[in-house]
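Q: Please take a close look at one sheet in this model and at what follows it along the chain. Then use the same plain terms for some charged side chains and for one further sheet.

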Amino acid sequence: MVKETKLYDLLGVSSDASDAEIKKGYRKMALKYHPDKPTGNTEKFKEVSEAFQILSDKDKKEVYDSYGLEAARGNAPAGNPFEGMGGGSRGAPGGSYGFSSGGAGGHPFTQADAFNIFNQFGGFEDMFGGATGGGRARGGSPFGGMGGMGGMSGMSGMGGMGGMGGMGGMGGMGGMPQQQQQQQKREAEVVDLNVPCSLEEFFNGGVKKLKINRKGKSGANEAKIIEINIKPGWKAGTKITYPNEGDYKNGMRQTLRLILADKPNPSFKREDNNLRAIVKLSFKESLLGFQQEFTTISGRKLHLSRSTPTQPNFTETFPGQGMPISKQPGKFGDLIVEYKVDYPVYLNAEQKQAISQNF
């Protein structure tokens, strides 16, 4: 029998829930309480995130079941054989978050930790099937000089972000002065910034680096490099939240929310997970046939050919040659090739006679 069920209750699961049920419970509650949702609740979002962080870690879950929340945070009671284990965290399946829940050598679970866990799942795009958000306060955009600085340098996890100072929630604030408690409960202002991404970046994924200029405590400008871990197949509209990374304002840093946007592509138009491309044919090619080589977004060469007449706007589909499907690793959308016929705007008498005789 477990010592307490508070964390299980937060995720809406039983104390004997499987790893899959714990993960499902977190997804549901994270969507409900995410600060960008109309039903958002900052403290609840942090609480369910800490609950998931502990219950998804085999060792911490064992400590929690036997000794309770404070022990799982690293504040072990006398006689706890797991004392000192709270300083490290494996976090969610798939990798280390690079932060701890608390205890000796660690730090209290923060709002930044909660967003890190959420982003490890891919944010709204990967967890809930589409970018969404909005509803919280927005500030102006004080970040001048934004621009891409890097590009497709390979995938890496997002971590090491500064905390927002929120130490409330399940653990309480102890003997912290009331003024400091009120400051930590206050939500940071959210600033939205659009980040244009090329179709190739959405296709390949990788780390996109941005340089922003923000204001420090003294009011002076300071440069900051922010890395966006783009997952292959992400779409325009995907939102990634970075607490404590904006201007220092009213005693705390703003939350920076980056919204990915499409850069125009000269060869392809994205249609969900599919790509559409236009191939132009001369009037002669449309009647007598043609042979062309076409390069896909992945660099693969396709041989296009027809020996019979091609109708205007005729389409040909190439399965698996479109965009990666972010929620189904290894699967891709289709490439749709649409043929456009370049009709002549003028026919001389000889050409008219040839057509008249043969058609």
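A: **A sheet, strand by strand**

Arg270 stands opposite Leu275, a residue of strand S9. This is a predicted model, in which local features need pLDDT of at least 70 and side-chain atom pairs count only at pLDDT 80 or more, while totals for chains, interfaces and linings use all residues. Residues are numbered from 1 along each chain as its sequence is written, and side-chain values use heavy atoms, with hydrogens and water left out.

Strands (E, at least two residues) and helices (H or I, at least four) are DSSP runs, numbered from the N terminus. S9 covers residues 274–282, and three bridges join S8 to S9 in an antiparallel pair. Two strands count as paired if DSSP finds at least two bridges between them.

S8 and S9 belong to an open sheet of four strands, ordered S8-S9-S13-S12, and its pairing is mixed. S8 (269–271) and S12 (315–318) each have a single partner strand, so one side of each has no neighbour in the sheet, and these two stand at the edges. On average, neighbouring strands of this sheet are turned by 30° against each other, direction ignored. The axes behind such angles are lines fitted to C-alpha atoms (for helices, over the stretch in contact), and angles run from 0 to 180 degrees between N-to-C directions.

Next come the loop and the helix. Tyr343 sits in the loop that leads from strand S13 (335–342) to H11. Its relative accessibility is 48%, which is why Tyr343 counts as partly exposed. The term covers the range between buried (under 20% relative accessible area) and exposed (over 50%), taken with a 1.4 Å probe and protein chains only. Tyr343 and Pro312 are 31 residues apart along the chain, and their C-alpha atoms are separated by 9.5 Å.

H11 takes up residues 349–358 and is hardly covered, since none of its 10 residues is buried. Asn348 caps the N-terminal end of H11, with a side-chain oxygen 3.2 Å from the backbone nitrogen of Glu350. Ile355 has its place in H11. Because its relative accessibility is 32%, Ile355 counts as partly exposed. Together with Leu287, Leu288 and Phe359, Ile355 forms a nonpolar patch on the surface, and the accessible area of the four adds up to about 430 Å². Patches are built from residues with over 30% relative accessible area and no salt bridge, like charges being joined within 9 Å and nonpolar side chains (Val, Leu, Ile, Met, Phe, Trp, Tyr) within 5 Å. Accessible areas come from the Shrake-Rupley method with a 1.4 Å probe, and for residues only the protein chains shown count as cover.

Now to the charged side chains. A salt bridge is a side-chain nitrogen of Lys or Arg within 4 Å of a carboxyl oxygen of Asp or Glu, and by this rule there are 17 salt bridges. One of them joins Arg276 and Glu271, whose closest N and O atoms are 2.8 Å apart. Arg276 is partly exposed at 23% relative accessibility, and Glu271 is partly exposed at 28%.

Arg73 and Glu70 also meet in a salt bridge, 2.8 Å from N to O. Arg73 is buried because its relative accessible area is 8%, whereas Glu70, at 35%, is partly exposed. The side chain of Arg73 makes a polar contact with the side chain of Glu50 as well, at 2.9 Å. A polar contact is a pair of N or O atoms within 3.5 Å; within protein, one must be able to donate a hydrogen and the other to accept it, and residues adjacent in sequence count only if both atoms are side-chain atoms. Glu50 lies in helix H3 (residues 42–55) and is buried, with a relative accessible area of 4%.

A network of salt bridges links Arg214, Glu222, Lys224, Glu245 and Arg253. Within it, the side chains of Arg214 and Glu222 meet at 2.8 Å, N to O. Arg214 counts as buried because its relative accessibility is 10%, while Glu222 is partly exposed at 28%.

The further sheet is open and has three strands in the order S1-S7-S4, again with mixed pairing. S1 (190–197) and S4 (239–242) are its edge strands, each pairing on one side only. Its neighbouring strands are turned by 25° against each other on average, direction ignored. Eight bridges pair S1 with S7 (residues 255–262) in the parallel sense. Here Leu193 stands opposite Leu258 in S7.
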